[in-house]
Structures are given as structure tokens and as C-alpha cells.
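Visitor: I would like to learn how to read a protein model feature by feature. Could you take me through this one slowly?

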Amino acid sequence: MITLRDLSLRRGSRLLFTAANAAVHPGQKVGLVGANGSGKSSLFALLLGELHADTGDVELPRSWVIAHVAQESPALEQPAIDFVLEGDAEVARLERELAAAEAAQDGVRLGHLHDEYASRDGYRARPRAATILHGLGFGSAEQAQPVRTFSGGWRARLNLARALMCPSDLLLLDEPTNHLDLDAVIWLENWLRRYPGTLLLISHDRDFLDNVTGVIAHLEQQRLTLYSGNYAQFERQRAERLAQQAQLAVRQQREVARIHAFVERFRAKATKARQAQSRLKALARMELITAAEADAETRFAFAPPERTPRPLLTLDGASAGYGTTPVLGGIGLALEPGTRLGLLGRNGAGKSTLMKLLGGVLAPQSGERREAQYLEVGYFAQHQLEALRADETALHHLQRQAPREREQPLRDFLGRFGFRGDDALRQVGTFSGGERTRLALALLVHRRPNLLLLDEPTNHLDLVMRDALVDALQEYAGGLVVVSHDRYLLRATCDAFLLVADGRVTPFDGDLDDYRAWLGQDGSETDAGATAPVPAEIGTPLPDTATRKQQKRLAAEERNALAEKRRPLQRQLRKLEQELERLQAELDTLNRQLGDETLYTPERKAELTAALQRRGQLQTELAYAEKGWLEVGEELEGIA
């Protein structure tokens with residue numbers, strides 16, 4: 001059990017929290033929430049022994065193995081899957097010792113090591129690492145690539161995979177969804193629900209917290225409060241507590257006023273003086289109830305666009321890709337003012353490619369992209385954050401964008417995005433990820449776009465800012481296309497979804513629960529209409545000649561065609577699964593034999609040599625079978 005007793009922590013002169021008391025029981029899954037800077041990450045550092053409390057104690061079992069996600073990953077030549085495998089430190093150690101014992105031809109030592117390796121499930125470690133990587137969006141080929149070849153976001157995924165690989169008692173995850181897309185977030189949710197250890201999770205994703213946690217620990221105004229239930233239940237309980245606290249504070253203030261009035265009235269009277277003094281002493285002993293204070297409200301709004309032409313943007317039979325390689329083709333899409341579209345699809349399917357095509361970053365390889373006169377695109381993506389100048393302040397960025405506006409209105413505008421007072425004069429190089437995201441959003445909002453393209457706009461934003469963004473988007477008068485792993489934002493702001501899969505963009509006639517089911521079916525088919533024919537323009541009705549009956553027939557024909565493609569692959573996958581089971585069973589039997597110490601006597605040397613050779617053959621065959629199984633599975637997933 002994790003126990004916090006009267007815990008207080010300062011960073012410099014700033015008090016993060018004080019008198020924190022809490023108990024977390026083994027197997028509990030706890031969401032740690034609070035505003036940015038409230039001390040959540042510092043509490044993790046305390047548990048890891050990287051910081052020491054100013055007062056109080058932190059207790060947790062010494063035998064516990066703690067896993068957490070490293071902040072940095074070096075540019076290694078090591079293959080990604082080997083990097084992740086090292087997350088299981090004991091299996092990695094045994095593999096090194098096995099290699100050394102084989103080189104030394106130490107048969108007795110090999111026998112003991114094989115027995116320990118099998119007991120730690122070492123022979124299943126590589127398939128386990130491959131499964132984790134696959135769930136986080138790495139294909140079979142990418143798993144063999146050197147770590148150095150991946151970008152910062154993908155290295156963050158590797159660090160997460162390495163932490164999940166560790167057979168831990170306590171798992172600490174700090175914003176694990178920041179660099180994930182929606183399908184990886186859903187996979188991670190399922191993995192964490194099955195995780196048998198204790199989980200402490202920092203997240204600003206409501207749905208993720210709701211689906212994973214059963215306890216919420218809230219840091220607010222230097223206090224830590226535990227609430228039973230998921231995030232939605234926490235919000236209800238906290239609202240009730242704040243309301244009760246407000247009522248108690250008002251009632252107490254009335255009592256304080258009544259006592260003061262009594263004292264003032266009777267202080268000078270001899271018969272009442274003793275009573276007046278007694279009341280003053282009671283007042284001094286009274287523990288005052290502070291008025292309830294909720295999180296500081298952050299609100300901003302998109303000013304109405306100067307013009308809203310119809311349609312804003314049209315794609316007619318457009319294809320997009322890189323160089324001569326197409327990623328998406330046959331796109332028919334008309335965006336109008338008031339359009340609210342969310343893009344769904346697996347990692348690598350082409351969602352960001354479509355956003356770049358819409359934003360004019362990519363020119364169509366074929367077909368047409370037609371802009372309306374006076375189109376003003378507001379495009380938010382990772383490259384906007386990278387384009388911010390580290391040596392300039394937030395105010396300088398906005399002044400360069402709006403050189404004719406006076407300073408005070410610009411500072412007032414930045415204040416609505418959390419850059420109040422001197423924060424507007426800090427250099428961007430000192431900003432956190434959340435502050436950079438807020439500044440990029442502020443610059444985008446100030447331009448008054450009539451078409452918004454948002455590619456993962458909530459990364460690093462806390463719940464207060466996410467709520468402000470949702471409120472602003474709900475009132476926005478222009479067209480909106482959004483890619484996000486934040487399901488709350490998608491539900492609150494999108495009226496329809498498009499599915500990007502198999503090189504196509506099609507209407508998805510369902511909600512996010514239907515999409516989750518579609519992912520669970522490996523994209524084979526869905527009642528949500530993911531395989532429906534593509535209209536010439538999304539959002540416009542099909543021509544009168546295309547009747548409902550024809551639509552159903554076309555959809556059925558397409559499902560049958562896909563089923564024909566999948567059937568031989570499914571048979572091949574079953575055969576590979578049977579082969580994996582056979583090889584693993586033989587390897588387990590052989591490992592038990594190698595654990596027999598009598599096998600290492602001189603008279604059984606030939607038998608030992610044969611067993612070791614066969615073990616090497618089995619491991620090789622098993623590796624090839626696993627590789628084939630992953631490749632076939634990936635090919636099946638690619639058939640939408």
C-alpha cells in the first residue's frame with residue numbers, strides 16, 4: 001500500500017501542497033488531476049525518490065517494482081523491439097547471462113539459467129513486446145528499425161512501450177496519451193484495465209480517466225483530496241462539496257457577525273462583560289471555513305469571420321500523397337460554414353495527409369482543390385509549435401501578426417489564454433508544452449479564420465483549457481475539421497465523422513462507440529456504415545437514382561469482396577497460431593529437460609549438445625513464425 005502522511009512539498013519558494021494524507025491500496029487505479037503546476041509530476045518524483053518532502057512521509061513496499069516513462073530516449077542503433085524488451089530488466093539480464101554461459105560452455109549454469117528464464121516467461125517476452133508495439137502503432141517493419149530513426153513523438157511511444165513491458169507492481173504514467181492517436185489510446189485503455197498492479201495516472205483526457213480509473217486524487221489550492229469513482233463521478237462529488245462548503249461559509253459568517261454584534265453591544269456593560277469576553281474567545285478558537293473556490297475560469301471565443309463564402313473549400317476526385325506515391329485517392333468533399341467533421345482512422349491511414357491537402361500544404365496529385373474567394377484557413381498542427389521563435393515573447397509573436405493593434409488589447413487577448421501579466425513577456429524558449437500549445441491557439445484564434453483545421457489541438461492542455469476550447473468551438477461560425485484522440489472534444493464539437501482507411505475517405509455513419517467496435521473487428525466490416533459508397537460531396541445527398549436498395553446491395557457486394565480477400569489470410573493466421581503453439585509446447589518441454597542437472601554429467605554430453613542445438617532451432621523457428629503471424633495480422637488489418 002502507498003501511504004502519504006502529512007506530506008508537504010515546496011519547489012523553491014512556492015508551496016505545491018501541504019498536509020497531504022492518502023492511502024492507495026494494491027491494484028487500485030488512481031487518476032491524479034489538477035491544474036498545470038499544482039504538483040502532480042512532483043508527487044511522482046517523490047514516489048520515485050527523485051525529490052524529498054519538506055515535511056511528512058511517503059511509504060510504499062520496498063519490494064515493489066516501479067515502472068515509469070522516461071522523458072528522453074537516446075538516438076540508439078538498437079532495434080525498437082530490443083529497446084522495448086529491455087523494459088523487462090530480469091529477462092534482459094537472463095538473456096545476457098545465457099549468452100555468456102553458452103560462450104563459456106558452462107552446462108550446469110545453462111541449466112539453471114534456462115529454468116529461471118522459463119519461470120519468468122522469457123520465451124514469451126518478444127511476442128509480448130511485439131504486441132505492445134503493435135498496439136501503440138508500430139508495424140512489423142518499424143519494430144526492427146533503429147531507435148534513432150524515429151521522431152520525438154514516436155520515441156515517446158517507445159518509452160511508453162518499454163514501461164508497459166516492465167512486470168511492475170506500481171505503474172506511473174504522466175500524460176501517456178499526448179503522442180498517441182485515437183486507436184492507440186483505445187488500445188492503451190484496454191491494456192491498463194487488465195493491468196494487475198497499482199496504477200497512478202496523470203491525464204487531462206476525461207474519457208480516458210473515466211474508462212481506466214476508479215479513484216480520483218485531486219490537487220487543488222495546495223490540498224490533496226481523494227474521491228471514489230471515475231472522473232465523471234468526481235466532478236459530481238466535487239460540485240456537491242463546493243456547494244456545501246459555500247453554504248457552510250455563508251452560515252458561519254452570519255454567526256461571526258452575530259457574535260461581533262453581541263460583543264460590541266455589551267462589552268461596556270458590567271453584567272454582560274464576562275459573556276462578551278467568552279464570545280470573543282470562542283470566536284478566536286473558531287476554525288474559519290473559507291469560501292469555496294473553483295478553478296480559475298478560462299474563456300475565449302472566435303470572433304466571427306469577416307466573410308463566410310459557400311462552399312469554403314471543395315475537393316473533386318482529389319488524390320494526395322508524397323512524391324509520386326499516393327496515400328489517398330478519389331476524395332470528394334465540400335466544406336461549408338457550419339460544417340463539423342471529425343476524422344477517424346488507424347495510425348498511418350492518412351488523416352494528417354488529408355489535413356495537409358485541405359490546408360494547402362500539399363497540392364493534389366490529381367483531381368481538383370478549389371478555394372473560395374476570401375478563404376481564411378486556420379491550421380493547427382505540430383509544425384505550428386515548432387515554428388514558434390524561442391527567443392521571442394508571446395506578446396512579440398502576436399504583435400508581429402497584428403502590427404497595427406495597440407499593446408494593451410493584445411495583452412488582454414493573451415490573458416484569456418493564460419498569459420497574464422509578466423507571462424506575456426516571457427520568452428517562448430522557457431515555455432512548457434502546454435504553454436506553447438496555448439500560444440499557437442491564441443495566434444490562430446486572433447486571425448479570425450473561416451475554416452479551422454485542428455490536428456491534435458489538445459496535446460499538453462489541461463482540463464480547464466480543453467473545456468475553454470470546446471466552448472469556443474461550439475460557438476464558432478466557420479467550418480471545422482478536427483483530428484483528435486480526445487473523445488470528449490470530438491463528441492462535443494463534431495456533427496459527423498469521416499473514416500480514412502484503405503486509401504479512401506468515406507462517411508462513417510456512427511458514433512465513437514461504433515468506431516471502437518470497428519477497431520475491435522480489425523476493420524473488417526461494421527454496421528456503422530464505414531464501407532458505404534462515397535458520395536461526390538460529403539454532406540450532400542446521393543443522387544435520386546441511387547436508391548436505398550442499391551446502396552445496400554453495393555455495400556453487401558463490397559463486404560463480400562472484402563470477406564473473400566480476408567478468408568485465405570484468416571486461414572493462414574490460424575495455421576500460424578497452431579504452429580506457434582506447437583513450437584512453444586516443444587520448447588517448454590525441452591526447457592524442463594534442460595533443467596535436469598543430471599543432463600550435464602559427462603556421460604550425457606552428446607544428449608546435452610543435441611538438446612541445446614534443438615533449442616536453438618526451435619527459437620529460430622519460433623521467431624520466424626511470430627514474424628509471419630504479425631505480418632499476416634497486419635495485412636488483415638489493412639483490409640478495411
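Guide: Let us begin with one helix and ask which of its residues are hidden from the surroundings. In helix 12, the buried residues are Lys351, Thr353, Leu354, Met355, Leu357 and Leu358. Please keep in mind throughout that this is a predicted model.

Visitor: What general idea helps me to read such a list of positions along a helix?

Guide: An α-helix has 3.6 residues a turn, so residues three or four places apart point the same way. With that idea in mind, you can look again at helix 12, where Leu354 and Leu358 are among the buried residues. Just after helix 12 comes Gly360, which takes a positive phi of about 80°.

Visitor: Which strands does helix 12 touch when it packs on the sheet that contains strand 10?

Guide: It helps to describe the sheet before the helix that lies on it. The sheet is an open one of 3 strands in the order 11-10-13, with antiparallel pairing. Strand 11 (325-335) and strand 13 (366-371) are at the edges and have a single partner strand each, so one side of each is left without a neighbour in the sheet. From one strand to the next, the twist averages 30°. Helix 12 packs on this sheet by touching strand 10, strand 11 and strand 13, and its direction makes about 125° with that of strand 10.

Visitor: How many bridges join strand 10 to strand 11?

Guide: Strand 10 (residues 313-322) is joined to strand 11 by 7 bridges, and the two run antiparallel. To follow one of these pairings by eye, find Leu315, whose bridge partner in strand 11 is Leu333.

Visitor: What is the strand order of the open sheet that has mixed pairing?

Guide: The order of strands in a sheet need not be read from their numbers, and here is a case to practise on. This open sheet has 6 strands in the order 14-15-16-12-17-18, and its pairing is mixed. Its edge strands are strand 14 (377-380) and strand 18 (504-508), each of which pairs on one side only. The twist from one strand to the next averages 20°. Helix 12 (residues 351-359) packs on this sheet too, touching strand 12 (340-344), strand 14, strand 15, strand 16, strand 17 (496-501) and strand 18, and its direction makes about 155° with that of strand 15.

Visitor: In which sense do strand 15 and strand 16 run?

Guide: Strand 15 (residues 451-455) and strand 16 (residues 479-483) run parallel and are joined by 5 bridges. As an example of one pair, Asp455 has Val483 as its bridge partner in strand 16. Another helix belongs in this picture, for helix 16 (residues 433-446) lies across strand 14 and strand 15, running at about 175° to strand 14.

Visitor: Are the residues on the two faces of strand 8 buried or exposed?

Guide: For a strand, it is useful to consider each face in turn. On one side of strand 8 are Val215, Ala217 and Leu219, on the other are Ile216, His218 and Glu220, and all of these are buried. Strand 8 (residues 215-220) is thus described as mostly covered, with 6 of its 6 residues buried.

Visitor: Which strands pair with strand 8?

Guide: Strand 3 (residues 29-34) pairs with strand 8 in the parallel sense over 5 bridges, whereas strand 9 (residues 223-228) pairs with strand 8 in the antiparallel sense over 6 bridges. Ile216 is a good residue to follow, since Gly31 stands opposite Ile216, and the bridge partner of Ile216 in strand 9 is Tyr227. The hairpin of strand 8 and strand 9 has 2 residues between the strands, and in this hairpin Gln221 takes a positive phi near 55°.

Visitor: Why are helix 3 and helix 4 described as roughly antiparallel?

Guide: For two helices, one compares their directions, and an angle over 145 degrees counts as roughly antiparallel. Helix 3 (residues 89-103) and helix 4 (residues 107-119) pack at about 160°, with their axes 10 Å apart, and they are therefore roughly antiparallel to each other. Helix 3 passes helix 4 in a left-handed crossing. Among the residues that make the contact are Leu94 and Leu98 of helix 3 and Leu110 and Leu113 of helix 4. By class, this contact has 7 nonpolar, 1 polar and 6 charged residues.

Technical notes:
Residues are numbered from 1 along each chain as its sequence is written. This is a predicted model: local features need pLDDT of at least 70, side-chain atom pairs count only at pLDDT 80 or more; totals for chains, interfaces and linings use all residues. Side-chain values use heavy atoms; hydrogens and water are left out. Two strands pair if DSSP finds at least two bridges between them. Helices (H or I, at least four residues) and strands (E, at least two) are DSSP runs, numbered from the N terminus. Axes are lines fitted to C-alpha atoms, for helices over the stretch in contact, and angles run from 0 to 180 degrees between N-to-C directions. Contact means heavy atoms within 4.5 Å. Angles under 35 degrees count as roughly parallel, over 145 as roughly antiparallel, 65 to 115 as roughly perpendicular and the rest as oblique. A crossing is left-handed if the near helix is turned anticlockwise from the far one by less than a right angle, and right-handed if clockwise. Ala, Val, Leu, Ile, Met, Phe, Trp, Tyr, Cys and Pro count as nonpolar, Asp, Glu, Lys and Arg as charged, and the others, Gly among them, as polar. Buried means under 20% relative accessible area, exposed over 50%, partly exposed in between (1.4 Å probe, protein chains only).
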